[in-house]
Amino acid sequence: MILGMPILSVVIWLPILAGLAVLATGGDRNANMARMIALVGSILGFLVAIPLYTQFNPSTAGMQFTEMVPWVERFHVNYHLGLDGISLWLVLLNCFTTPLVVIAGWKVIENKVAQYMAAFLIMSGIVNGVFMALDALLFYVFWEAMLIPMFIIIGVWGGPNRVYAAIKFFLYTLLGSLLMLVALIYLYNKSGSFNILDYYRLPIGITAQIFIFIAFFLAFAVKVPMWPVHTWLPDAHVEAPTGGSVVLAAIMLKVGAYGFLRFSLPIAPDASHALSGFMITLSLIAVIYIGLVALVQTDMKKLIAYSSISHMGFVTLGIFIFNSIGTEGAIVQMISHGLVSGAMFLCVGVLYDRMHSRKISDYGGVANKMPMFAAFFMLFAMANSGLPGTSGFAGEFMVILGAMKANFWLAFGAATTLVFGAAYTLWMFKRVIFGAIANSHVAELADISGREFLFLAILAIGVLGMGLYPLPVSELMHASVSDLLAHVAHSKL
Amino acid sequence: MNFSVPDFTPALPEIFLLCALSAILVVDLFIEDAKRFTTYLLTQGALAISVVVTIMTAHMSPVHTFSGMYVSDMMTSVLKVGTFLSVMILLSYSRDYLQKRGLFRGEFYTLTLFTTLGMLVMISASNFLTLYLGLELMSLSLYAMVALQRDSSISTEAAMKYFVLGALASGLLLYGMSMLYGATGSLDVSRILEVIRSGQANNNVLVFGVVFVVAGLGFKLGAVPFHMWIPDVYHGAPTAITLFIGSAPKLAAFAFVLRILAGGLQPLVHDWSQMLAILSVLSMGLGNITAIAQTNLKRMLAYSTISHMGFLLLGILSGTVNGYSSAMFYVLIYALMTLGGFGMIMLLSREGFEADNLDDYRGLNARSPWHAFVMLLLMFSMAGIPPTVGFYAKFSVLQAALNAGHLGIVIAAVMFSLIGAFYYLRIVKLMYFDAPVDHSPIVGTSDCRILLGVNGLAMLLLGILPSSLMALCAQSIQSAGF
């Protein structure tokens with residue numbers, strides 16, 4: 001509670017209400033009004049989230065700003081919200097991304113504007129709910145509800161193969177979620193409660209833990225996405241409109257990793273330890289193999305999509321080495337990846353809006369015509385390849401340090417990403433930006449507009465700020481991470 | 001010989017409806033075709049008063065009357081109110097549809113009321129004979145309604161199939177009931193329960209009887225492998241009547257199943273729950289997989305109904321109070337979803353155009369964003385995606401089944417519902433992602449449009465606040481004392 005307001009509920013419901021208000025503007029005749037309401041709504045959504053940061057107490061691991069109202073009495077489900085050092089950053093990232101997405105779609109989207117803006121606002125609220133829910137069923141409701149706006153975004157405003165991509169995205173993620181639902185019902189039947197925090201103390205046998213872990217794994221691994229259940233992501237990214245790709249990369253992928261931290265590790269600690277080798281192997285495959293796959297892509301969006309999978313491999317690696325620097329590194333990497341991949345997709349979007357092509361071979365020498373854009377793109381490309389001084393470095397370095405504590409060869413494998421990441425990102429950058437002007441279309445390119453400058457500059461500040469001074473980020477999550485690791489270390493058998 | 005006047009209050013809604021129905025039957029004869037609207041109003045009025053009567057005479061704990069042949073408790077009252085409301089919604093949705101097809105006749109309304117009366121008797125009966133009486137009253141009226149469009153060969157064929165298979169099912173049911181009578185010496189549900197509990201009945205005969213009863217019930221619900229009539233009847237009947245068959249009778253059938261299995265045969269739960277498990281998994285599987293191949297929306301919804309019945313059985317087969325109340329919640333939500341789905345088909349249809357092909361929904365979002373949104377809510381609710389109420393329906397039956405230890409069936413159920421999500425999503429895809437082929441404006445009476453909007457929003461509102469309806473179901477089952 002801040003100023004007598006249930007702040008977490010405000011952070012969830014304000015964007016959703018703004019989204020409904022946008023929908024109420026109706027058809028495309030009122031498109032400008034829809035855009036304005038969406039912008040105001042998303043900025044307000046970010047502003048109300050700021051007190052979460054300023055009022056947050058970093059010295060405690062407990063849930064803060066909690067709210068609890070009985071919701072479905074028959075199943076003892078509560079509308080139970082709370083925030084800790086892990087979810088705080090993800091909520092802030094989400095609230096920060098939404099206005100950028102609204103600005104990015106300002107001119108580009110001309111068809112069904114109100115529905116487009118409303119879908120993003122509503123999704124923003126729902127994702128906040130995912131990060132704040134402390135009740136398992138409430139979490140599940142937000143988790144699944146998230147699919148509906150994303151499905152519509154990909155399917156309505158996406159590229160040529162959007163229908164296939166949208167349905168694949170939906171069914172893939174639903175597959176994992178349904179098994180998670182079974183696991184949650186099992187936990188409820190065993191404990192008589194849907195409170196996630198109660199599950200942390202619930203003793204569970206090793207077989208049951210392994211089944212629960214696998215059920216959660218399917219749900220979260222699909223979202224992260226981990227190899228080999230990543231195949232929906234390149235399709236969804238390529239077909240989604242720019243805003244959709246940004247939200248997918250910056251936010252959607254994070255809910256999977258968040259799920260591991262909130263559910264899998266503390267609820268099934270023994271299974272997590274037993275299966276950590278498996279998880280680490282999958283993470284390393286994602287880091288190395290998907291890194292190589294990214295190298296051969298000819299489509300820019302696909303390349304960034306594969307790069308996202310590879311970076312998220314780092315996150316899962318950091319989570320499953322069970323030490324504090326690794327876990328914190330994983331969270332820092334999540335935030336950083338949210339900024340960097342969002343920025344990369346926006347950069348590709350800027351090019352796509354002008355040329356209507358995502359093929360690397362259609363470009364060349366863009367720097368001659370768009371110098372300012374080239375400078376921004378350069379910064380984000382560097383961050384994507386993990387250059388010190390950018391946010392990309394901070395997270396990767398912490399995870400590698402954590403891995404080094406666990407095992408040298410693990411750290412060695414993980415560190416190859418610095419090579420591959422630089423290779424695929426910079427090679428793409430070179431082919432698109434540098435060289436002679438490739439064709440007449442490139443020759444007609446105009447540099448970025450004020451609107452584009454605005455969102456790229458905001459992201460650039462974020463990327464540099466986090467790269468140069470990451471301490472506040474890890475400081476606020478420190479207590480929560482140690483508490484989490486204490487749960488993981490404590491056997492439930 | 002003593003004759004005492006029975007207590008009529010538990011049957012007051014039925015008695016009132018019968019009187020009103022007889023009056024409407026006579027009044028309608030003197031109304032000319034142009035003023036048929038009066039019949040419609042009288043019917044709606046009779047149903048509305050019946051709702052009031054039901055609520056006024058509701059009993060918190062079971063009250064038996066007519067020598068134990070009839071019972072009234074909270075479950076029967078809730079289900080009766082549900083039946084009345086869904087018939088009223090149906091009548092409102094279908095008025096325009098019937099007018100355009102020359103079916104806006106007195107027979108439709110009187111048959112509807114007879115069917116409703118049959119359902120009420122099914123819900124309240126506590127004796128095999130009364131149960132059967134109600135079932136036949138409902139079924140015979142429905143057979144006639146399916147054939148109401150006399151010139152249509154497809155409707156007539158559907159009616160014929162419905163009648164033959166329905167009669168077969170009734171035969172099976174009666175045969176099973178006679179076995180149970182043979183084993184226990186009574187037709188009274190509570191007496192049968194006592195005899196079975198006391199262990200005096202011959203177990204072989206009992207189980208034999210249970211098999212036939214379950215098969216008969218399976219036919220009536222439309223569970224696989226007794227589902228063959230559903231797609232043809234749904235497809236062949238005029239949409240208004242398809243909607244009728246698909247909605248309220250399932251409430252009555254639920255009460256019927258519960259009264260026999262949970263009321264009378266509770267000690268044999270182990271036997272019938274195994275049978276229901278097979279029916280349930282097959283229904284969910286076949287219903288969901290076959291629905292994918294359909295190009296006709298009515299047929300698709302028919303298969304979807306089959307799969308919903310599988311989920312309903314999942315709640316019943318857990319054999320616990322928790323499971324029964326989950327199933328009751330499921331069936332109420334199911335009726336609401338079906339009303340909305342078929343209501344949309346009727347709203348979009350015009351003279352000479354049934355709007356029952358999937359392609360007719362292409363680009364609905366461009367034609368009418370509001371109706372597309374309502375349909376979206378209905379489809380996601382049928383698929384069981386939160387935050388729509390369909391999720392809680394599925395969730396509560398899954399929870400009950402898992403609590404009863406049916407892990408394998410639960411996993412099969414979620415996998416089949418994943419498959420099911422595909423064809424519901426396809427409707428959303430057609431509405432939102434495709435360009436419209438048909439640009440004609442959507443016409444429809446305003447009461448129908450408003451009601452349909454409310455119906456769609458109810459999916460969302462009940463999804464956000466499902467608590468009170470769930471509590472009502474739980475309390476109803478508690479009070480019925482299963």
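Is E194(B) buried, partly exposed or exposed? With a relative accessible area of 47%, E194(B) falls in the partly exposed class, because that class ends at 50%. Keep in mind as you look around that this is a predicted model.

## Chain A as a whole

Let's step back to chain A, whose secondary structure consists of 22 helices and two strands. Its radius of gyration is 21 Å, close to the 23 Å that the globule rule gives for 493 residues, so chain A is as compact as a globular protein of that length. Measured out along the principal axes, the C-alpha trace spans about 70 × 55 × 40 Å. Buried residues account for 66% of the 493 residues in chain A. Of the contacts in chain A between residues at least 6 apart in sequence, 81% join residues at least 24 apart. The chain exposes about 15,700 Å², and carbon and sulfur atoms supply 69% of that area. As for charge, chain A has 23 positive and 21 negative charges, and their mean positions are 6 Å apart.

## Salt bridges

Side chains of opposite charge can pair when their charged atoms come close. Over all chains, the search of the whole structure finds 19 salt bridges. Three of them are set side by side here.

| Pair | Closest N to O distance |
|---|---|
| D299(A) and R358(A) | 3.3 Å |
| K161(B) and E157(B) | 3.0 Å |
| E194(B) and R191(B) | 3.1 Å |

The pair in chain A, D299(A) with R358(A), links distant parts of the chain, with the two positions 59 residues apart in sequence numbering. D299(A) sits in the loop between α13 (276-295) and α14 (300-319), while R358(A) sits in the loop between α15 (324-355) and α16 (366-369). Both D299(A) and R358(A) are buried.

The two pairs from chain B are within helices. K161(B) and E157(B) are four residues apart in helix α6 (residues 153-184), and so they are separated by about one helical turn. Here K161(B) is partly exposed at 31% relative accessibility, and E157(B) is partly exposed at 44%. These two residues also belong to a network of salt bridges that links E157(B), K161(B), D232(B) and R299(B).

Back to the residue we opened with: E194(B) and R191(B) both lie in helix α7 (residues 189-198) of chain B, three residues apart, about one turn of the helix. R191(B) is partly exposed, with a relative accessible area of 41%, and E194(B) is partly exposed too, at 47%.

## Buried and partly exposed places

Which residues does S272(A) contact, leaving aside its neighbours within four places in sequence? They are F213(A), S264(A), L265(A), F320(A) and F322(A). S272(A) is part of helix α12 (residues 269-274) of chain A, and at 0% relative accessibility S272(A) counts as buried.

In chain B, helix α9 (residues 229-236) is mostly covered, with six of its eight residues buried. The buried residues are W229(B), I230(B), P231(B), V233(B), Y234(B) and G236(B).

I50(A), in helix α2 (residues 31-54) of chain A, is partly exposed, with a relative accessible area of 33%. Between I50(A) and P266(A) there are 28 Å in space, C-alpha to C-alpha, and the two are 216 residues apart in sequence.

## Backbone details worth a look

Most residues other than glycine have a negative phi, and most peptide bonds are trans. Several places in this model depart from those habits, and they are easy to find in the viewer.

Where is the cis peptide bond that leads into P228(A)? The bond runs from W227(A) to P228(A), with omega near 5 degrees. P228(A) has its place in the loop between α9 (206-223) and α10 (232-239) of chain A. Chain B has a cis peptide bond from V224(B) to P225(B), with omega near 5 degrees. P225(B) is in the loop between α8 (203-221) and α9 of chain B.

Positive phi values can be found in both chains: H76(A) has phi near 50 degrees, and S67(B) has phi of about 55 degrees. Neither is a glycine. H76(A) lies in the loop between β1 (64-72) and β2 (77-83) of chain A, and S67(B) in the loop between β1 (63-65) and β2 (70-72) of chain B. At 46% relative accessibility, H76(A) counts as partly exposed. S67(B), at 74%, counts as exposed.

Conventions:
Residues numbered from 1 in each chain as written. Chains lettered and ligands numbered in written order. Predicted model: local features only at pLDDT ≥ 70, side-chain atom pairs only at ≥ 80, totals over all residues. Heavy atoms only, no water. Rg over C-alpha atoms; globule rule 2.2 N^0.38 Å. Buried < 20%, exposed > 50% of the residue type's maximum accessible area, 1.4 Å probe, protein only. Contact = heavy atoms within 4.5 Å. Areas by Shrake-Rupley, 256 points an atom, 1.4 Å probe, with all protein chains shown as cover. Lys, Arg positive; Asp, Glu negative; His and termini not counted. Charge placed at Lys NZ, Arg CZ, Asp CG, Glu CD. Salt bridge = Lys/Arg side-chain N within 4 Å of Asp/Glu carboxyl O.
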